Amino acid sequence: MRDRLAQLDSLVPYLIVFSASACTLILEIVAGRILAPYIGVSLYTWTSIIGVVLAGISIGNYLGGLAADRFPHRVTLGLILLGGGTFTVIILPLIQTAAEGFITLPIILRIVLLTAVLFLPSSLVMGMVTPVVIRLHLRELDRSGNVVGRFYAVSTAGSILGVFITGFVLIQWIGTRPIVLAVGIFLFALAILFGDLWRMRFGLGGVVALCAIAAAAVLGLTQGWVDSSCQRESNYFCIKVRERQIEEQTVRTLTLDQLLHSYVARDDPEFLVYGYEKVTADFVALQHGRSERLSTLFIGGGGYTMPRLIEEVYPGSHVEVIEIDPAVTEIAHQLLWLRRDTAIITHNVDARMKIPELEPGSYDMVVGDAFNDFSVPYHLTTLEFNESVSELLRPGGVFIVNIVDNLGTGRFLRAYVNTLSRTFEHVYVLRDDDLWEDDPRSNVTYVVVGTDRPVTAADLAGASASAGRGEPVSRFMPDDVFERWYGRETDPVLLTDGFVPVDQMLAHLYLRSR
């Protein structure tokens with residue numbers, strides 16, 4: 001029995017190191033979801049999160065080494081774990097205050113400071129754990145390399161588990177804020193169990209730790225710390241739905257993280273708010289008039305505004321949607337009036353994985369609605385992807401994509417048009433007005449169309465008249481504007497799977513819009 005207890009006791013240091021590292025990486029993964037409603041999810045966000053957490057671990061390792069040599073006691077470890085739990089729980093009430101406090105700062109500075117205030121203290125304190133544990137259990141200097149190597153191997157294994165279990169299980173299971181509270185309470189428990197806090201005078205450390213657990217649980221549950229503004233948290237988005245009245249219509253909006261993605265009218269599926277949706281609707285009428293049975297594929301479902309319009313306005317049409325997030329589809333059914341018995345077929349998978357499985361030459365129209373100015377799935381912008389889409393289209397089919405950019409300073413729209421023109425004989429840039437070179441907005445949504453058959457404004461007007469619609473809103477980019485814009489000195493980039501610098505091209509939009 002004593003031998004077994006001794007063996008179990010010898011595993012405790014590894015358990016502590018494993019757990020502390022797992023908690024650190026759990027918080028790192030959760031950080032992206034927690035920060036998304038305030039600063040979005042971008043290259044800058046993840047760069048800041050990774051940099052801040054690594055900085056915290058690095059500083060913590062150094063300070064932990066100093067503390068271990070000066071105070072080589074298990075009470076030291078207990079106090080560190082107690083501090084880690086405290087700084088973790090504090091994240092919850094600080095989120096809103098810190099976000100509002102940095103709102104006037106430039107976006108990059110805001111992202112770095114907000115990330116540092118929330119996540120640097122906890123990662124720093126937990127970075128102190130491993131050096132202290134090693135110092136407490138290093139008995140033989142001639143085997144120090146072996147001991148240190150084992151501890152850091154176990155630490156890394158804990159980090160790996162923290163990443164996988166958070167990304168694949170915890171976020172969808174319990175949500176980000178409850179995860180943070182749970183991590184804090186878990187660290188308090190480790191401090192009580194393995195930190196010898198009861199050896200402090202009058203058992204003060206143990207009493208403090210128990211009080212911390214009780215306070216964290218009570219405050220977290222009663223003060224709304226674990227509540228978020230999300231209707232649903234998925235592995236991809238914080239999903240919010242709000243209701244409002246627009247032009248005497250009952251409309252619900254779908255917001256994914258910070259982006260107001262869709263407007264959906266309860267009683268009128270033809271009610272469209274965004275200009276790019278109206279342009280898309282013009283092309284839907286065109287393709288419906290050309291086809292015996294309109295067949296469409298949407299890359300990105302969102303609020304299912306356009307798929308729902310096609311189903312209701314053009315009965316008998318075939319509509320498929322590739323929406324990567326099943327939670328978005330479920331919200332559309334629950335809150336955005338998408339019927340449960342809809343004929344729309346949804347594939348909850350990445351479009352790049354699904355499209356090769358679809359039947360070639362079976363669609364009149366493929367609509368790319370997965371891009372915005374804060375997040376562009378770069379693997380859906382490349383020459384290789386465009387070629388796979390073109391194989392799905394029937395003769396005369398169109399590939400229509402909405403792109404956010406700035407005509408004067410942006411590089412992404414030109415690169416996308418250049419890339420699309422390598423696949424399709426005819427490529428057009430459209431919008432719903434004529435403010436091509438006079439638009440004061442920094443971020444504008446354009447519609448890019450690729451097809452093997454020419455399309456004119458007269459074609460769109462004729463199709464709209466035949467469908468009983470009003471005048472089309474679509475405006476083609478004039479030839480002289482196109483020549484000045486596309487023929488600038490620098491050659492546009494060709495986007496391929498091997499070279500697709502989309503984040504860098506869109507950085508100026510992100511910085512201007514915040």
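## Kinked helices, an open sheet and a nonpolar pocket

In this predicted model, helix H3 contains a kink of about 55° centred on Leu 94. Despite that bend, the helix, which covers residues 74-101, reaches 38 Å from its first C-alpha to its last, close to the 40 Å expected for its 28 residues at 1.5 Å a residue.

Helix H4 is also kinked: a bend of about 45° lies at Phe 119, shortly before the proline Pro 121. The end C-alpha atoms of H4 (residues 107-127) are 28 Å apart, which agrees with the 30 Å that its 21 residues should span at 1.5 Å a residue. The spans of the two helices are set out below.

| Helix | Residues | Span between end C-alpha atoms | Expected span |
|---|---|---|---|
| H3 | 74-101 | 38 Å | 40 Å |
| H4 | 107-127 | 28 Å | 30 Å |

The strands form an open sheet of four, arranged in the order S1-S2-S3-S4 with antiparallel pairing. Strands S1 (232-233) and S4 (259-265) stand at the edges; each has a single partner strand, so one side of each is left without a neighbour in the sheet. Strand S3 (residues 249-256) pairs with S4 over six bridges in the antiparallel sense. Leu 256 has Leu 259, in S4, as its bridge partner.

The second largest pocket holds about 270 Å³ of space. Its lining comprises 14 residues, and those nearest the pocket centre are Ile 26, Ile 165, Leu 170, Val 183 and Phe 186. Helices H1 (2-39), H6 (144-174) and H7 (176-194) are the elements that each give two or more residues to this lining. By residue class, the lining has twelve nonpolar residues, two polar and no charged.

Notes. Residues are numbered from 1 along each chain as its sequence is written. This is a predicted model: local features need pLDDT of at least 70, side-chain atom pairs count only at pLDDT 80 or more; totals for chains, interfaces and linings use all residues. Side-chain values use heavy atoms; hydrogens and water are left out. On a 1 Å grid over the protein atoms alone, a cavity is a set of points where a 1.4 Å probe fits but cannot get out, and a pocket is an open set with protein on both sides within 12 Å along at least five of seven lines; lining residues have an atom within 4 Å of a point. Grid points are joined across faces, edges and corners, and a volume is the space filled by probe spheres set on the points. Ala, Val, Leu, Ile, Met, Phe, Trp, Tyr, Cys and Pro count as nonpolar, Asp, Glu, Lys and Arg as charged, and the others, Gly among them, as polar. The expected span of a helix is 1.5 Å times one less than its number of residues. The bend at a residue is the angle between axes fitted to the seven residues ending there and the seven starting there. Two strands pair if DSSP finds at least two bridges between them.
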